[in-house]
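Here is a short round of questions and answers to read alongside the structure. Keep the view open and follow each residue as it comes up.

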Amino acid sequence: MRLILLGPPGAGKGTQAQRLVQRYGIVQLSTGEMLRAAVAAGTPVGLKAKDIMASGALVPDDIVIGIISDRLDQTDARKGFILDGFPRTVPQAQALDDLLKKKHIKLDAVVELRVNESALLQRVETRVAEMRARGEEVRIDDTPEVLSKRLASYRSLTEPLIHYYSERRKLLTVDGMMTIEHVTREINRILSAIGAVEAKSAKTAAGKAAARLPGRAAKVAKKAAKASRRAGKPASKGAKKPGPGVRSASKARVGKSPKKSAKKVTKRRAKA
């Protein structure tokens with residue numbers, strides 16, 4: 001499973017990404033973490049990014065794509081991945097498409113968490129007010145003012161990706177204003193729908209196996225019944241016939257002996 005999560009800041013992408021990682025055993029690929037890991041590992045692409053990051057400038061798209069390319073070659077990414085924080089622009093999406101095509105990797109879906117920006121701002125304002133009331137320190141980047149700027153940046157740069165992936169029939173939209181549990185269930189539902197062909201095949205195979213089961217059960221029952229009958233009939237088919245001078249238990253009880261006894265009694269009475 002290979003996914004991209006889209007949504008404005010505060011939509012809950014990180015939370016849902018972690019849940020998908022745990023459920024499907026795939027890896028979450030964050031561009032920030034990948035850049036830091038590449039720099040720490042001293043890879044050729046990481047060394048290029050190191051000086052740029054140190055200067056505070058934005059890392060060019062070609063370097064980011066190079067780092068993603070190296071990361072996708074690692075063993076743990078073969079089962080599947082979630083791209084978090086990339087792509088952010090249409091040119092980045094186009095570069096990613098080219099990379100995946102070269103690696104013969106198919107992107108399964110782009111999941112958009114659609115939220116109400118006014119509600120997001122209200123959430124942040126409420127959270128900040130509660131933190132201040134408890135005497136807690138509020139992070140500089142966790143304020144309504146900062147969020148407003150980030151939302152504006154998302155609308156201008158990243159929101160066009162919704163149209164981009166919609167045209168390519170990759171976009172799946174989920175109401176991000178639901179509870180975390182509801183959002184998780186809805187994402188899992190639509191991901192199952194994507195794999196409907198595979199699920200249907202598995203269901204058909206299971207149905208065929210179930211259809212064969214009663215026949216097999218009947219055969220087993222039939223064999224058990226035969227075995228039971230054989231146990232109760234020693235002279236049944238397959239058993240050896242009794243030899244001369246050997247009588248069955250039933251003949252020993254019934255036999256001709258009762259008639260002979262009656263004749264002897266009659267003769268005795270006649271003599272008397």
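Q: Which residues is Gly 176 in contact with, leaving aside its neighbours within four places in sequence?
A: This is a predicted model, and in it Gly 176 sits in the loop between strand E5 (171-175) and helix H9 (180-194). With the neighbours within four places in sequence left aside, the contacts of Gly 176 are Ala 11, Arg 114, Val 115 and Val 183.

Q: Does Gly 176 count as buried or exposed?
A: The cut-off to keep in mind is that buried means under 20% relative accessible area. Gly 176 has a relative accessibility of 7%, so this glycine counts as buried.

Q: How many Å apart in space are Gly 176 and Leu 113, C-alpha to C-alpha?
A: Along the sequence, 63 residues separate the two. In space, the C-alpha to C-alpha distance between Gly 176 and Leu 113 is 4.8 Å.

Q: What is the order of the strands in the open sheet?
A: The sheet has five strands with parallel pairing. Its edge strands are E2 (27-30) and E5, each of which pairs on one side only. On average, neighbouring strands are turned by 25° against each other, direction ignored. Read across, the order is E2-E3-E1-E4-E5.

Q: Which residue of E5 stands opposite Val 111?
A: E4 and E5 run parallel and are joined by five bridges. Opposite Val 111 in E5 stands Leu 172.

Q: Which strands does H9 touch where it packs on the sheet?
A: Let's take the direction before the names: H9 makes about 155° with the direction of E5. Packed on the sheet, H9 touches E1, E4 and E5.

Q: How many of the five residues of strand E1 are buried?
A: E1 (residues 2-6) runs parallel to E3 (residues 81-84), with four bridges joining them, and Leu 5 stands opposite Asp 84. Four bridges also join E1 to E4 (residues 109-114), again running parallel, and there Leu 3 has Ala 109 as its bridge partner. E1 is mostly covered, and the number of buried residues among its five is four.

Q: Where on helix H3 do the buried residues fall, seen down its axis?
A: In H3 (residues 44-55), the buried residues are Val 45, Gly 46, Ala 49 and Ile 52. Seen down the axis of H3, they fall within an arc of 125°, so they line one face of the helix.

Q: Which helices do the buried residues of H3 pack against?
A: It helps to set the other side of H3 apart, where Pro 44, Asp 51, Ala 54 and Ser 55 are exposed. The buried residues of H3 pack against H2 (31-41) and H4 (61-72).

Q: Which residue just after H3 takes a positive phi?
A: The phi in question is about 90°. The residue that takes it, just after H3, is Gly 56.

Q: What is the angle at which H4 and H5 pack?
A: Two packed helices are described by the angle between their axes and the distance between the axes. For H4 and H5 (residues 90-102), the axes are 11 Å apart, and the crossing is right-handed. The packing angle is about 35°.

Q: How many nonpolar residues are in the contact of H4 with H5?
A: From H4, Asp 61, Ile 65, Ile 68, Ser 69 and Leu 72 meet Gln 92, Ala 95, Leu 96, Leu 99 and Leu 100 in H5. By class, two residues of this contact are polar and one is charged, while the nonpolar ones number seven.

Notes. Residues are numbered from 1 along each chain as its sequence is written. This is a predicted model: local features need pLDDT of at least 70, side-chain atom pairs count only at pLDDT 80 or more; totals for chains, interfaces and linings use all residues. Side-chain values use heavy atoms; hydrogens and water are left out. Buried means under 20% relative accessible area, exposed over 50%, partly exposed in between (1.4 Å probe, protein chains only). Helices (H or I, at least four residues) and strands (E, at least two) are DSSP runs, numbered from the N terminus. The arc is that of the directions from the helix axis to the C-beta atoms. Contact means heavy atoms within 4.5 Å. Axes are lines fitted to C-alpha atoms, for helices over the stretch in contact, and angles run from 0 to 180 degrees between N-to-C directions. A crossing is left-handed if the near helix is turned anticlockwise from the far one by less than a right angle, and right-handed if clockwise. Ala, Val, Leu, Ile, Met, Phe, Trp, Tyr, Cys and Pro count as nonpolar, Asp, Glu, Lys and Arg as charged, and the others, Gly among them, as polar. Two strands pair if DSSP finds at least two bridges between them.
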